[in-house]
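User: Can you walk me through this one? I'd like the overall picture, then some details.

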Amino acid sequence: MKNVVAEELIFVDTTFNSQKDLFEFIAETAFGLSRTSDIRSVVDGFYHREGEYSTAMNDGIAIPHCRTESILDASVVIIRNSEKVIWTEDEECDLFFALLVPESNLNQMHIRILAQIAQLLLEDEFVAQVRSANDPSQIFDLVKELNKVL
Amino acid sequence: MKIVAVCACPTGVAHTYLAKRSLEKAAEKLGHQIKVEAQGALGIENEISLQEVREADVVILAVEVGIAKRDRFEGKPIVNIPIQTVVKSPETVLKKIEEKFLSR
């Protein structure tokens with residue numbers, strides 16, 4: 001079982017300019033780290049979820065997420081893009097906390113961690129620290145304690 | 001005001017808990033009493049009792065999926081709000097409810 005939060009899942013100063021590129025990168029990253037067995041179903045899962053209602057929050061943050069059979073380990077992919085990406089007609093985002101949720105075998109602790117990460121995004125201080133971090137390891141330091149949440 | 005609220009989203013891992021925290025923070029700031037029940041992937045958490053329903057001035061339902069135990073709220077003033085609106089502008093939501101219910 002892999003940790004939900006990991007430094008290898010954190011990226012800063014990326015240059016994505018569309019939601020599509022971002023979704024594909026997240027899915028490919030998860031695939032490369034054996035966290036999903038299938039790229040396409042993860043990308044489709046993100047689109048399906050956005051189709052229900054946008055996952056954009058305030059302050060340029062979005063929390064795309066999907067729950068599919070192909071996801072092997074609950075994971076959070078954190079991306080701080082260098083520019084805003086058009087999310088919907090009236091939303092642009094540059095900070096992404098993507099949640100990958102296994103369809104089955106999802107344990108309570110993992111749900112708790114994913115929920116806590118989402119709630120952290122409502123704390124201005126946390127968001128400011130993520131925005132001002134110099135590199136992925138600094139962001140990881142802000143969230144790594146969550147792996148121990150019970 | 002005394003408010004009870006239920007949050008439930010399709011995946012049950014993100015917006016359910018985001019909305020819960022958003023409402024709690026906004027209520028505290030605006031001086032309302034609130035109890036927010038989450039119906040997510042962990043099942044029912046922070047369940048609202050019948051006594052709490054009875055005492056509540058208003059029920060907020062921020063639910064995008066069918067919820068359990070909805071019949072508890074029969075006969076109470078219910079406000080249905082998209083869960084995303086609750087996450088994005090919880091204070092506006094509460095202020096509108098305040099205007100509507102305090103002017104009665």
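Analyst: Sure. One definition to start: the radius of gyration here is taken over C-alpha atoms, and the globule rule is 2.2 Å times the number of residues to the power 0.38. Also, this is a predicted model.

User: Ok, what does that rule say about chain B with its 104 residues?

Analyst: For 104 residues, a compact globule would have a radius of gyration near 13 Å, and chain B has 12 Å, which agrees. Its C-alpha trace spans about 35 × 30 × 20 Å along the principal axes.

User: What's the element order in chain B?

Analyst: Along the sequence, chain B reads β-α-β-β-α-β-β-α-α. That is four helices and five strands. Of its 104 residues, 39% count as buried. Among contacts in chain B with a separation of 6 or more, 61% are between residues 24 or more positions apart.

User: And the elements of chain A, in what order do they run?

Analyst: From the N terminus, β-α-α-β-β-β-β-α-α-α. So chain A is as compact as a globular protein of its length: the radius of gyration is 14 Å, close to the 15 Å that the globule rule gives for 150 residues. The C-alpha atoms fill a box of roughly 35 × 30 × 25 Å along the principal axes.

User: How much of chain A is buried?

Analyst: Buried residues make up 39% of the 150 residues. As for contacts in chain A between residues at least 6 apart in sequence, 70% join residues at least 24 apart.

User: Let's do the core. Which residues have the most contacts inside the largest one?

Analyst: A:Val76, A:Leu99, A:Leu114, B:Ala5 and B:Cys7. That nonpolar core has 73 residues. Strand β5 of chain A, residues 91-102, gives the most to this core, with eight residues.

User: What does A:Val76 touch?

Analyst: Leaving out residues up to four places away in sequence, A:Val76 touches A:Val4, A:Val5, A:Leu9, A:Phe97, A:Ala98, A:Leu99, A:Leu114 and A:Ile117.

User: Now the contact between the chains. How many residues does each give?

Analyst: Chain B gives 16 residues and chain A gives 19. On the side of chain B that touches chain A, α1 (15-30) and α3 (83-88) of chain B each give two or more residues. The largest share there, five residues, comes from α1(B).

User: What's the mix by class on that side of chain B?

Analyst: Nine nonpolar, three polar and four charged residues.

User: Switching to helix α2 of chain A. What is the distance between its end C-alpha atoms?

Analyst: They are 21 Å apart. At 1.5 Å a residue, the 14 residues of α2(A), 39-52, should span 20 Å, so the two agree.

User: Which of its residues are buried?

Analyst: In α2(A), the buried ones are A:Val42, A:Gly45, A:Phe46 and A:Arg49. They cover an arc of only 100° around the axis, which puts them on the same side of α2(A). What covers them includes α1 (19-32), β3 (65-68) and β5 of chain A.

User: Any backbone oddities? Which residue in chain A has a positive phi although it is not a glycine?

Analyst: A:Asp59, with a phi of about 65°. It is found in the loop between α2 and β2 (61-62) of chain A. A:Asp59 counts as partly exposed because it has 14 C-beta neighbours inside 10 Å.

User: And in chain B? What about B:Lys69?

Analyst: B:Lys69 has a positive phi of about 60° and is not a glycine. B:Lys69 lies in the loop between β4 (58-63) and β5 (78-80) of chain B. With 14 other C-beta atoms within 10 Å, B:Lys69 is partly exposed.

Key. Residues numbered from 1 in each chain as written. Chains lettered and ligands numbered in written order. Predicted model: local features only at pLDDT ≥ 70, side-chain atom pairs only at ≥ 80, totals over all residues. Core = buried A, V, L, I, M, F, W, Y, C linked by C-beta atoms within 7 Å. Buried ≥ 20, exposed ≤ 12 C-beta atoms within 10 Å, placed from the backbone. Contact = placed C-beta atoms within 7 Å. Nonpolar A, V, L, I, M, F, W, Y, C, P; charged D, E, K, R; others polar. Expected span 1.5 Å × (residues − 1). Arc of directions from axis to C-beta.
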